Amino acid sequence: MADNGNTGFFSRLREGLSKTRRGFVKNLEEMVVGERVISREFYDELEETLIAADMGPVFAANVIEEMKNRAKRNELDRHDALMNVLNEYMLSILEASDKPLRIPKDDLFTVMVVGVNGTGKTTTVGKIASRLKQEGRSVMAAAADTFRAAAVEQLDVWCRRADVPLIKHPTGGDPSAVAYDAIRAARSRGINVLLVDTAGRLHTKTNLMDELKKIKRIMARELPGAPHETLLVLDAVTGQNALNQARMFNNEIGVTGLVLTKLDGTSKGGIIIRIADELKLPIRFIGIGEQADDLRPFDGREFVEALMSSG
Ligand SMILES: Nc1nc2c(ncn2[C@@H]2O[C@H](COP(=O)(O)OP(=O)(O)OP(=O)(O)O)[C@@H](O)[C@H]2O)c(=O)[nH]1
Ligand SMILES: [Mg+2]
């Protein structure tokens, strides 16, 4: 990828995170101005600030403990030393979650994309399809969201633009039948990557989790090891709800990777730290807009830099 693209993405990410940054960095800066002796009130206020920034109580407690330790050793008498502790902590947590999706080239690799309605599943399937296609992979998509015609149409637009074949059934059909057909079609055409889009809600009273479990089961029966990746799409704007969704999906169907979308313009970008810290699931991609190149593999260091750099 050209440098331009990376710089563009970084500055857009930084811009996108500016509300999150304003929510806590400014607060921190005001708190530490002129402060040499760090008081108990200071730590309490800091803890509140980090929790208010959605980073979670565990993270806040750990950061503060480390600050207190350093203060005891007289290593923490300046503002930048304090910010360094915060930076280091964020970095260690986000780098541990920074595990890009590795897709072998020789076999059919299947990705099932799940999440509650509106988080950005279909858009993410479209973006990943066009990214992989640009990298020279053979890609196919499956519209296993049969909830509404518009959902299939939406994916169809992405697929036509990316020149990726789409397997679809009429609205209201059985989503697992779509997944089944797609695996067969992908195999017979020697496709490398199959991306399966699923619904965030259903027509029937059938539980969404039961439906997703069924799709998984059918995929595994048709192709041992499938789905190779169960990718959960979370909307950063929803903050704590995203964390709860991740817990629920992981308990119910098992999640192997996360995508965090809508990091453009949210004040709740700190949730990524809490999700990484408490769930320890790989973060595969982040989304910062609606266009194809607004999705990138997650890079923990880049994220911390974008979050903490002023501008
Ligand atoms: N700003 C912004 N918008 C996004 C991003 N990702 C997706 N969207 C938008 O969010 C809306 C919902 O996206 P979809 O991809 O339809 O979400 P979905 O999870 O498939 O929704 P359902 O199929 O209804 O469950 C669309 O308007 C997308 O363009 C992102 O990273 N940033
Ligand atoms: Mg959708």
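Q: In what order do the eight strands of the open sheet lie?
A: First, a bit of housekeeping: this is a predicted model, where local features need pLDDT of at least 70, side-chain atom pairs count only at pLDDT 80 or more, and totals for chains, interfaces and linings use all residues. Residues are numbered from 1 along each chain as its sequence is written, chains are lettered from A and ligands numbered from 1 in the order in which they are written, and side-chain values use heavy atoms, leaving out hydrogens and water. Strands (E, at least two residues) and helices (H or I, at least four) are DSSP runs, numbered from the N terminus, and two strands pair if DSSP finds at least two bridges between them. Here the sheet is open with mixed pairing, and its eight strands have the order 3-2-4-1-5-6-7-8.

Q: Which strands are the edge strands?
A: An edge strand pairs on one side only. That description fits residues 166-167 and residues 295-297, so to speak the two borders: strand 3 and strand 8.

Q: Which residue of strand 5 stands opposite M112?
A: Strand 1 (residues 109-114) pairs with strand 5 (residues 229-235) in the parallel sense, over four bridges. Look across from M112 into strand 5 and you find T230.

Q: What is the bridge partner of D235 in strand 6?
A: Strand 5 also pairs with strand 6 (residues 257-261), in the parallel sense over five bridges. Follow D235 across to strand 6 and you land on T261.

Q: How many of the residues of strand 5 are buried?
A: Buried means under 20% relative accessible area, exposed means over 50%, and partly exposed is in between (1.4 Å probe, protein chains only). In a regular strand, side chains alternate between the two faces of the sheet. On one side of strand 5 sit E229, L231, V233 and D235, on the other T230, L232 and L234, and all are buried. Strand 5 is therefore largely enclosed by the rest of the structure, and its buried residues number seven of the seven.

Q: Which residues of strand 6 point the other way from G257, V259 and T261?
A: Strand 6 is mostly covered, with five of its five residues buried. G257, V259 and T261 take one direction, and the buried residues pointing the other way are L258 and L260.

Q: At what angle does helix 8 run to strand 2?
A: Helix 8 (residues 175-188) lies across strand 2 (139-144), strand 3 and strand 4 (193-198). Angles run from 0 to 180 degrees between N-to-C directions, using axes that are lines fitted to C-alpha atoms, for helices over the stretch in contact, where contact means heavy atoms within 4.5 Å. For helix 8 and strand 2, the angle is about 165°.

Q: How do the residues in the contact of helix 3 with helix 4 divide by type?
A: The axes of helix 3 (residues 40-52) and helix 4 (residues 57-72) come within 9 Å and cross at roughly 145°. Y43, L46, E47, L50 and I51 of helix 3 touch P57, F59, A60, V63, I64, M67, K68 and A71 of helix 4. Ala, Val, Leu, Ile, Met, Phe, Trp, Tyr, Cys and Pro count as nonpolar, Asp, Glu, Lys and Arg as charged, and the others, Gly among them, as polar. The split is eleven nonpolar, no polar and two charged.

Q: Is T49 buried or exposed?
A: T49 lies in helix 3, and a polar atom of its side chain is 2.9 Å from the backbone oxygen of E45. Its relative accessible area is 6%, so T49 is buried.

Q: Which residue is joined to A226 by a cis peptide bond?
A: Most peptide bonds are trans. This cis one has an omega of about -10°. The residue after the bond lies in the loop between helix 9 (208-222) and strand 5, and the partner of A226 is P227.

Q: What is the phi of D163?
A: Most residues other than glycine have a negative phi. D163 lies in the loop between helix 7 (149-162) and strand 3, and D163 is exposed, with a relative accessible area of 55%. Although it is not a glycine, D163 has a positive phi of about 60°.

Terms used:
Polar contact = N/O pair within 3.5 Å; in protein donor to acceptor, adjacent residues only side chain to side chain.
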